[in-house]
Amino acid sequence: MSAPEADPLVLFHKWMEEADRSEPNDPNAMALATADAEGRPSVRMVLLKSADEAGFVFFTNLESRKGQELAANPHAALCLHWKSLRRQIRAEGSITQVPDAEADAYFATRARASQIGAWASIQSRPLGSRFELEKRVGEFAAKFGLGKVPRPPHWSGFRLSPRRIEFWHDRPFRLHDRFDYVRDETGWRLEHLYP
């Protein structure tokens, strides 16, 4: 790997572009780790929808387990791993909910069936049967008919504002490259880490 960039977002976007070309499925899939108010962790896969100087954005049901954990403990970590490239990016930081206008704009780009699914799914709650879910989908499809499907009030996005971003690149004999960017009052500070 060549010398790292001074700005981790420049390197992030370079790696994402390479992942877009090489990963066969969901190059934007990332593990999202949250913790509840007592500090008990939980992790799941979500899709990264945007990344810029403000942070990394994903969307979810606010009443889901992750939504509730983020409301109780607004700190999280994420990890993108690309097996084909033998790379991963980890980030840690604070969480804020995206503005309604941003959530509305993204929701409008989703497939209609996904929009209706956001209304029908009572995410993370017990489901009696698949039929129960399909019935709810049918009820909301009928409710909205052929009209516009608005964003549900319980569905939005979160932005992880990173205080640390680490880039990991596999090397022979497990002597990997690790570049750790830590944000302080003056900007990003880069450290090379032992593998």
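Helices are DSSP runs of H or I with at least four residues, and they are numbered from the N terminus. The exercises below use that convention, and the structure they concern is a predicted model.

**Exercise 1. Place E132 in its element, decide how far it is covered, and relate it to F167.**

Solution. Begin with the element: E132 belongs to helix α5, and this helix covers residues 130-144. Next comes exposure, where buried means under 20% relative accessible area, exposed means over 50%, and partly exposed lies in between. Because its relative accessible area is 36%, E132 counts as partly exposed. Finally, compare sequence and space: E132 and F167 are 35 residues apart in sequence, while their C-alpha atoms are 43 Å apart.

**Exercise 2. Describe the order of helices and strands along the protein chain, and the overall extent of its C-alpha trace.**

Solution. Start with the count, which is 5 helices and 9 strands. Then read along the sequence, where these elements follow one another as α-β-β-β-β-α-β-β-α-α-α-β-β-β. For the extent, the C-alpha trace spans about 55 × 35 × 30 Å along its principal axes. To see how the chain is connected, take the contacts between residues at least 6 apart in sequence: 61% of them join residues at least 24 apart.

**Exercise 3. What share of the residues is buried, and how are the surface and the charges of the protein chain made up?**

Solution. Of the 195 residues in the protein chain, 41% count as buried. Turning to the surface, the accessible area is about 11100 Å², and carbon and sulfur atoms account for 54% of it. For the charges, there are 28 positive and 27 negative side chains, and the centres of these two sets lie 5 Å apart.

**Exercise 4. Which residues of α4 are buried, and which elements are among those that cover them?**

Solution. The first step is to list the buried residues of α4, which are Q115, I116, A118, W119 and A120. The second step is to ask what covers these residues, and the cover includes α3 (100-109), α5 (130-144) and β7 (155-169). When reading such a list, it helps to recall that an α-helix has 3.6 residues a turn, so residues three or four places apart point the same way.

**Exercise 5. Characterise the largest pocket and the largest cavity by their volumes and linings.**

Solution. Take the pocket to begin with: the largest pocket has a volume of about 350 Å³. Its lining consists of 18 residues, and the closest to its centre are F59, T60, R110, Q123 and W155. The elements that contribute two or more residues to this lining are β2 (41-47), β4 (55-61) and α4 (112-120).

Now take the cavity: a search of the whole structure finds 1 cavity of 30 Å³ or more, and the largest cavity has a volume of about 30 Å³. R90, A91, E92, R164, I165, E166 and D180 form the lining of the largest cavity, with β6 and β7 as the elements that give two or more residues to it.

**Exercise 6. Where does S161 lie, and which residues does it contact beyond its neighbours within four places in sequence?**

Solution. S161 is part of strand β7, and it counts as partly exposed because its relative accessible area is 26%. Leaving aside neighbours within four places in sequence, S161 contacts A54, G55, E92, G93 and S94. A further step is to look at F56, which is 105 residues from S161 in sequence, although the two C-alpha atoms are 6.7 Å apart.

**Exercise 7. Examine the arginines R21, R86 and R174, using position, exposure or phi for each.**

Solution. R21 sits in helix α1 (residues 8-22) and counts as exposed, since its relative accessibility is 65%. The C-alpha atoms of R21 and F140 are separated by 37 Å, and the two residues are 119 apart along the chain.

For the other two arginines, the background is that most residues other than glycine have a negative phi. R86, in the loop between β5 (75-82) and β6 (87-97), has a positive phi near 60°. R174, in the loop between β7 and β8 (177-184), also has a positive phi near 60°. To complete the solution, R174 counts as exposed because its relative accessibility is 65%.

Definitions and conventions. Residues are numbered from 1 along each chain as its sequence is written. This is a predicted model: local features need pLDDT of at least 70, side-chain atom pairs count only at pLDDT 80 or more; totals for chains, interfaces and linings use all residues. Side-chain values use heavy atoms; hydrogens and water are left out. Buried means under 20% relative accessible area, exposed over 50%, partly exposed in between (1.4 Å probe, protein chains only). Contact means heavy atoms within 4.5 Å. Accessible areas come from the Shrake-Rupley method with a 1.4 Å probe; for residues, only the protein chains shown count as cover. Lys and Arg count as positive and Asp and Glu as negative; His and the chain ends are not counted. The place of a charge is taken as NZ of Lys, CZ of Arg, CG of Asp or CD of Glu. On a 1 Å grid over the protein atoms alone, a cavity is a set of points where a 1.4 Å probe fits but cannot get out, and a pocket is an open set with protein on both sides within 12 Å along at least five of seven lines; lining residues have an atom within 4 Å of a point. Grid points are joined across faces, edges and corners, and a volume is the space filled by probe spheres set on the points.
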